[in-house]
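Q: I'm new to reading protein models. Could you walk me through a few features, one at a time?

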Amino acid sequence: MNIKDKVLEKLIRNKGKPVSGERIASELSVSRSAVWKHIKILRDEGFMIESSTNLGYSLRDTPDTLSPGEIKAGLETSFIGKDIKYFKETESTNILARGMANSVEEGTVVIAESQTGGRGRLGRKWISPEGGIWLSIILKPKMQPQYASRITLLAGVCVAKTIRGFGLPVKIKWPNDVLINGKKVCGILTEIGAEVDMIDYLIVGIGIDANVDTESFPEEIRDSSTSLKKETGKEINRVDFVKKLLEEFESLYLKFQKEGFPKILEEWRNMSATIGEWVKISTQTRTIYGEAIGVDNEGALILETSDGQLEKIVAGNCEHLRRT
Ligand code: BT5
């Protein structure tokens, strides 16, 4: 953590109560004027910090940003989010994450307030205005590339559990859409860098429509999307949300490594909106209709078609249909 984040962490831990410049300086082994310089930078970033000659500095209010210092203060993880790279605006956090993956530790998170070229699957666009949560987690699992989709399902479970913690009903549409009342609130894009038989790095890109106004989205997705703000009727605290998300992610990822995929799959099945539905699956080569009857150990969807055949779908688009 850099000095500025450490200063901020001390102020956050004592929010509303003054902490003397002398104490901060001695605890961080820097000069008092260095502390003052960092306080000035924090103020420029929108943190409301009062100072009094006798008592020291006290934090009154924080800006509505996803500042790494605020996320890291009290974050209960051992490696996910220990290093957070923060950008006001970028093309895509997944692109940045890919570029730095080989030179950073596992668990590094790239986060941006907005994306100008947010990416969905198969070259689709992901709309990413300010107010959302757009982040990528860099992982280095010792795993063969064909199992990467397990992490996509794991991430879906992670987001769904985090949203459920905010009191909202949530379901997962195979493979990677998190829905509230049937509307998409989150998308997940997993990308890998790999040798033939081993993953070098895996990027989990997570986009959550937190405090965004979906009314301003293009018409074609206005009715099929929603936001946490819309569903709860008020702005959510994005810093708290990201903290809970990263803590949940680490806990599921460690469970996955210790106990294997079946435990994660069980949680995924319990939150699935797809199993039991009639679906239309479009892959690059064909379209298949059938009833989604399960998901196998690789995360592939199992369909029973109307003539009783079983089909296994590894990747594709899934549309829920009304049963006739
Ligand atoms: C996804 O793709 O759902 C994956 C989205 C991943 C976004 C994150 S944000 C952080 C990281 N950096 C990136 O550049 N990407 C990741 P897909 O299943 O292909 O869905 C894309 C479709 O969802 C689009 O074609 C639209 O129909 C719809 N869509 C676009 N933006 C949306 C939004 N903000 N909310 C809801 N639906 C959206």
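Q: Let's start with a proline. Where is Pro175 found?

A: Happy to help, and keep in mind that this is a predicted model. Pro175 is in the loop that runs between strand S6 (171–173) and strand S7 (177–180).

Q: What kind of peptide bond joins Trp174 and Pro175?

A: The general idea comes first: most peptide bonds are trans. Here, Trp174 and Pro175 are joined by a cis peptide bond, with omega at about -5 degrees.

Q: And how should I read phi? Is phi of Ser29 positive or negative?

A: Most residues other than glycine have a negative phi. Ser29 has a positive value, near 55 degrees, and is not a glycine. You can find Ser29 in the loop between helix H2 (21–28) and helix H3 (32–44).

Q: Now the ligand. Which residues come nearest to the ligand?

A: The shell around the ligand holds 27 residues, and those that come nearest are Ser92, Arg119, Arg124, Lys184 and Asp209. By class, this shell has eight nonpolar, twelve polar and seven charged residues.

Q: Which side chains have an N or O atom paired with a nitrogen atom of the ligand?

A: To read a polar contact, look for a pair of N or O atoms within 3.5 Å. A ligand nitrogen is 3.1 Å from such an atom in the side chain of Thr93, and a ligand nitrogen is 3.0 Å from one in the side chain of Gln115. With Ser92, an oxygen atom of the ligand is 2.8 Å from a side-chain N or O atom. As for cover, on its own the ligand has 790 Å² of accessible area, and the protein covers 91% of that.

Q: Where does the ligand sit, and which elements give two or more residues to its shell?

A: The ligand sits in the largest pocket. The elements are helix H5 (93–100) and the strands S5 (133–139), S8 (183–194) and S9 (199–208). S8 gives the largest share, four residues.

Q: Last one: how many salt bridges are there in the whole structure?

A: To read one, look for a side-chain nitrogen of Lys or Arg within 4 Å of a carboxyl oxygen of Asp or Glu. The whole structure has 23 salt bridges. One example joins Lys88 and Glu130, whose closest N and O atoms are 3.8 Å apart. This pair links distant parts of the chain, 42 residues apart: Lys88 is in strand S3 (residues 84–90), and Glu130 is in the loop between strand S4 (109–115) and S5.

Key
Residues are numbered from 1 along each chain as its sequence is written. This is a predicted model: local features need pLDDT of at least 70, side-chain atom pairs count only at pLDDT 80 or more; totals for chains, interfaces and linings use all residues. Side-chain values use heavy atoms; hydrogens and water are left out. A residue is near a molecule or strand if one of its heavy atoms lies within 4 Å of it. A polar contact is a pair of N or O atoms within 3.5 Å; within protein, one must be able to donate a hydrogen and the other to accept it, and residues adjacent in sequence count only if both atoms are side-chain atoms. Accessible areas come from the Shrake-Rupley method with a 1.4 Å probe; for residues, only the protein chains shown count as cover. On a 1 Å grid over the protein atoms alone, a cavity is a set of points where a 1.4 Å probe fits but cannot get out, and a pocket is an open set with protein on both sides within 12 Å along at least five of seven lines; lining residues have an atom within 4 Å of a point. A molecule sits in a cavity or pocket if more than half of its atoms lie within 2 Å of its grid points. Ala, Val, Leu, Ile, Met, Phe, Trp, Tyr, Cys and Pro count as nonpolar, Asp, Glu, Lys and Arg as charged, and the others, Gly among them, as polar.
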